[in-house]
Amino acid sequence: MKAIKIDNSHLKQIAEIHKQSYYDDHFSSKLNNKMLMELYSYQIKLNKYSFCVLDEKNCVAGFVVGGYHSHEALEKFKSKKYWKLFYSLLQNPSFFIEKIIQLVKENFGKTQVNSSEKLRLFSIAIRKDMQGRGVGKLLLKRFENELSLDGINSYGLSVKKSNIQAIRFYEKYGFIKELEDLNGIYYRKEIVNE
Ligand SMILES: CC(C)(COP(=O)(O)OP(=O)(O)OC[C@H]1O[C@@H](n2cnc3c(N)ncnc32)[C@H](O)[C@@H]1OP(=O)(O)O)[C@@H](O)C(=O)NCCC(=O)NCCS
């Protein structure tokens, strides 16, 4: 198996993997496949460190997406899909309440969390039947190799506190906790070239 650059032909499978592997407590898991395809289409257009692994049948087994513009890509997606996202929030009241709390805190200057790392790993996910078989490790390695080639030696990501599986994975690979907010942990990592 090897990691290759993501292109538009992979988007459908990426959306499916996202939908099946992200936990229910992640708002994005409530979006339909078409919305997820659009989200990732913005992400891969603006973020060059985006790779996937294909299995022996040439199907996507997992992917990683990241770069300097993940926030910008997310904002573009949000403004384009504002009403659809608003409607999804209304259908999922716990996320709606979470958003309101976040907005209130930000607007009253209380807890806007800012990581020192501008380059973000936006998303990594492995198809359910391929988890625990080294695909995540391979993708992380490719991601970091590409950063190193561009002279970048650190990056950040955030994860839900409830996502124990991903937290264990990140901590195993040298991520250090940087910040925390109500629901999430912000990690950063220095890339060590062996
Ligand atoms: C977290 C995730 C990306 C890990 O990918 P993976 O392909 O299953 O992990 P790998 O098989 O490459 O495992 C790499 C190492 O991490 C360890 N690891 C993976 N999952 C683990 C777990 N749940 N608990 C403890 N260790 C774990 C493995 O033991 C392995 O160690 P080794 O190299 O010594 O054998 C994957 O499980 C996933 O897609 N999760 C759902 C989506 C998600 O939550 N993404 C992150 C959002 S922030």
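In the predicted model, N58 is exposed, because 6 other C-beta atoms lie within 10 Å of its own, and a residue counts as exposed when that number is 12 or fewer. N58 is found in the loop between β2 and β3. The backbone of N58 has a phi near 65°, which is a positive value in a residue other than glycine. The two strands on either side of this loop form a hairpin with five residues between them.

The strands of this hairpin, β2 and β3, pair in the antiparallel sense over six bridges. Within this pairing, S50 has V65 in β3 as its bridge partner. Strand β2 covers residues 49–54, and five of its six residues are buried, so β2 is largely enclosed by the rest of the structure. Strand β2 is also joined to β1, which comprises residues 3–5, through three bridges in an antiparallel arrangement. One of the paired positions here is K5, whose bridge partner in β2 is F51.

Strand β3 comprises residues 60–67 and is joined to β4 by six bridges, the two strands running antiparallel. In this pairing G67 stands opposite R120 of β4. Burial is complete in β4: seven of its seven residues are buried, so this strand is largely enclosed by the rest of the structure. The pairings described here thus link β1 to β2, β2 to β3 and β3 to β4. In a regular strand, the side chains alternate between the two faces of the sheet.

The protein chain as a whole contains seven helices and seven strands. Read from the N terminus, these elements follow the order β-α-α-β-β-α-α-α-β-α-β-α-β-β. The C-alpha trace spans about 45 × 35 × 30 Å along its principal axes. For 194 residues, a compact globule would have a radius of gyration near 16 Å, and the value of 16 Å found for the protein chain agrees with this. Among contacts with a separation of 6 or more, 68% are between residues 24 or more positions apart.

Buried residues account for 30% of the 194 residues in the protein chain. In soluble globular proteins, nonpolar side chains tend to be buried together. The largest nonpolar core of this chain has 41 residues, of which F63, V64 and L139 touch the most other members. When residues up to four places away in sequence are not counted, L139 touches A3, F51, V53, G62, F63, V64 and I124. Two of the residues in this list, F63 and V64, thus also appear among the core members that touch the most others.

A ligand is surrounded by 19 residues, the closest being I126, Q131, G136, K137 and A166. At least two residues of this shell are supplied by each of β4 (120–126), α6 (135–149) and α7 (164–172). The largest share comes from α7, which provides five residues. By character, the shell around the ligand divides into eight nonpolar, seven polar and four charged residues. Strand β4 therefore has two roles in this description, as an element that supplies residues to the ligand shell and as a strand whose residues are buried, so that it is largely enclosed by the rest of the structure.

Notes. Residues are numbered from 1 along each chain as its sequence is written. This is a predicted model: local features need pLDDT of at least 70, side-chain atom pairs count only at pLDDT 80 or more; totals for chains, interfaces and linings use all residues. Helices (H or I, at least four residues) and strands (E, at least two) are DSSP runs, numbered from the N terminus. The radius of gyration is taken over C-alpha atoms; the globule rule is 2.2 Å times the number of residues to the power 0.38. A residue is buried if 20 or more other C-beta atoms lie within 10 Å of its own, exposed if 12 or fewer, and partly exposed in between; C-beta atoms are placed from the backbone. Two residues are in contact if their C-beta atoms, placed from the backbone, lie within 7 Å. A nonpolar core is a set of buried Ala, Val, Leu, Ile, Met, Phe, Trp, Tyr and Cys residues joined through C-beta atoms within 7 Å. A residue is near a molecule or strand if its C-beta atom, placed from the backbone, lies within 6 Å of it. Ala, Val, Leu, Ile, Met, Phe, Trp, Tyr, Cys and Pro count as nonpolar, Asp, Glu, Lys and Arg as charged, and the others, Gly among them, as polar. Two strands pair if DSSP finds at least two bridges between them.
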